[in-house]
Amino acid sequence: MVSKGRALVCMAAFKGFLTNLQASHIVCNTLTELGYEASALPIGDGGAGTFYAANIPGEFLEVPTTNPLRKEIASKVLCVPNVHSPQTIYVESSQSCGYTLIKEIERDVMNASSEGLGRVLAFLFQRFSGPLTIYIGLGDSAIADAGMGMLSQLGFTFLNGKSKKLSGSAKTLS
């Protein structure tokens, strides 16, 4: 059969419905059925699925952290070339600050915090010594604390006008 043409399918995720990989493959399969040659190249926007879209060879490392409501979870980071001696680490903030980590009924942007992302970074700084490049993908966030939670886990302190310590949440910013 002669192809009607070629297509490169570059889909981002349909948040809450399909990952970028699933969406790309559905479109590719449909185009193939219609007689086209189709290749998938999923893309990421910094949120969930960015690791897979980047298609970077490496190893995943699970890191203990918290979700936006400060409940204990595990987050994955991508270590290149491996988890034993990485030179580069890719972090998706959605793995610790993402809205998909919280049931819809429990979502509370005013009390949500980026502390989990700070805990991931603190863990990486403590575990690995030497030169290290860290890329952080920002997307699918459930937080609006301007990074206060993250920075507090890295040693920063935030005070209000009365020198009272602020917790990392949007509520304390208002």
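These legends go with several close-up views of a predicted model.

Residue numbers start at 1 along each chain as its sequence is written, and side-chain values use heavy atoms, leaving out hydrogens and water. Since the model is predicted, local features need pLDDT of at least 70 and side-chain atom pairs count only at pLDDT 80 or more, while totals for chains, interfaces and linings use all residues.

**View 1. Strands β1 and β2 pair up in parallel.**
Here β1 covers residues 6-9 and β2 covers residues 37-40, and four bridges join the two strands. (Strands, of at least two E residues, and helices, of at least four H or I residues, are DSSP runs numbered from the N terminus; two strands pair if DSSP finds at least two bridges between them.) Look for R6, which sits opposite E37 of β2. Add helix α1, residues 20-33, and you have a right-handed β-α-β unit made of β1, α1 and β2. Right-handed here means that, with the strands pointing away from the viewer, the path from the first strand over the helix to the second runs clockwise.

**View 2. R70 and E115 form a salt bridge.**
The model has three salt bridges, each counted when a side-chain nitrogen of Lys or Arg comes within 4 Å of a carboxyl oxygen of Asp or Glu. In this one, the closest N and O atoms are 3.1 Å apart. The partners are 45 residues apart: R70 belongs to the loop between β3 (59-66) and β4 (72-80), and E115 to helix α4 (residues 115-127). How buried or exposed is E115? At a relative accessible area of 16%, E115 is buried, whereas R70, at 32%, is partly exposed. (Buried means under 20% relative accessible area, exposed over 50%, and partly exposed in between, using a 1.4 Å probe and protein chains only.)

**View 3. K71 and E106 make another salt bridge.**
The N to O distance for this pair is 3.9 Å. K71 is in the loop between β3 and β4, E106 is in the loop between α3 (94-97) and α4, and 35 residues separate them. K71 is partly exposed at 45% relative accessible area, and E106 counts as partly exposed at 34%.

**View 4. E72 and R119 meet in a salt bridge.**
The gap from N to O is 3.3 Å. E72 is in strand β4 and R119 in helix α4, so this contact ties together parts 47 residues apart in sequence. E72 is exposed, with a relative accessible area of 59%, and R119 counts as partly exposed at 26%.

**View 5. The cysteines C10 and C97 are in no disulfide.**
How many disulfides does the structure hold? There are zero, taking a disulfide as two cysteine sulfur atoms within 2.5 Å. For C10, the nearest cysteine sulfur belongs to C28 and is 8.9 Å away. For C97, the nearest is that of C79, 18 Å away. C97 counts as buried at 2% relative accessibility, while C10 counts as partly exposed at 35%.

**View 6. F125, L154 and F156 make a nonpolar surface patch.**
The patch comes to about 300 Å², with accessible areas taken from the Shrake-Rupley method using a 1.4 Å probe and, for residues, only the protein chains shown as cover. Patch residues have over 30% relative accessible area and no salt bridge; like charges are joined within 9 Å, and nonpolar side chains (Val, Leu, Ile, Met, Phe, Trp, Tyr) within 5 Å. L154 is partly exposed at 31% and lies in the loop between α5 (148-153) and α6 (170-173).

**View 7. Here are some backbone oddities: a cis bond from V80 to P81, plus positive phi at A146 and S163.**
Most residues other than glycine have a negative phi, and most peptide bonds are trans. The V80 to P81 bond has omega near 5°, and P81 is in the loop between β4 and β5 (88-92). A146 has phi near 60°; you'll find A146 in the loop between β6 (133-137) and α5, exposed at 70% relative accessible area. S163 has phi of about 60°, sits in the loop between α5 and α6, and counts as exposed at 57%.
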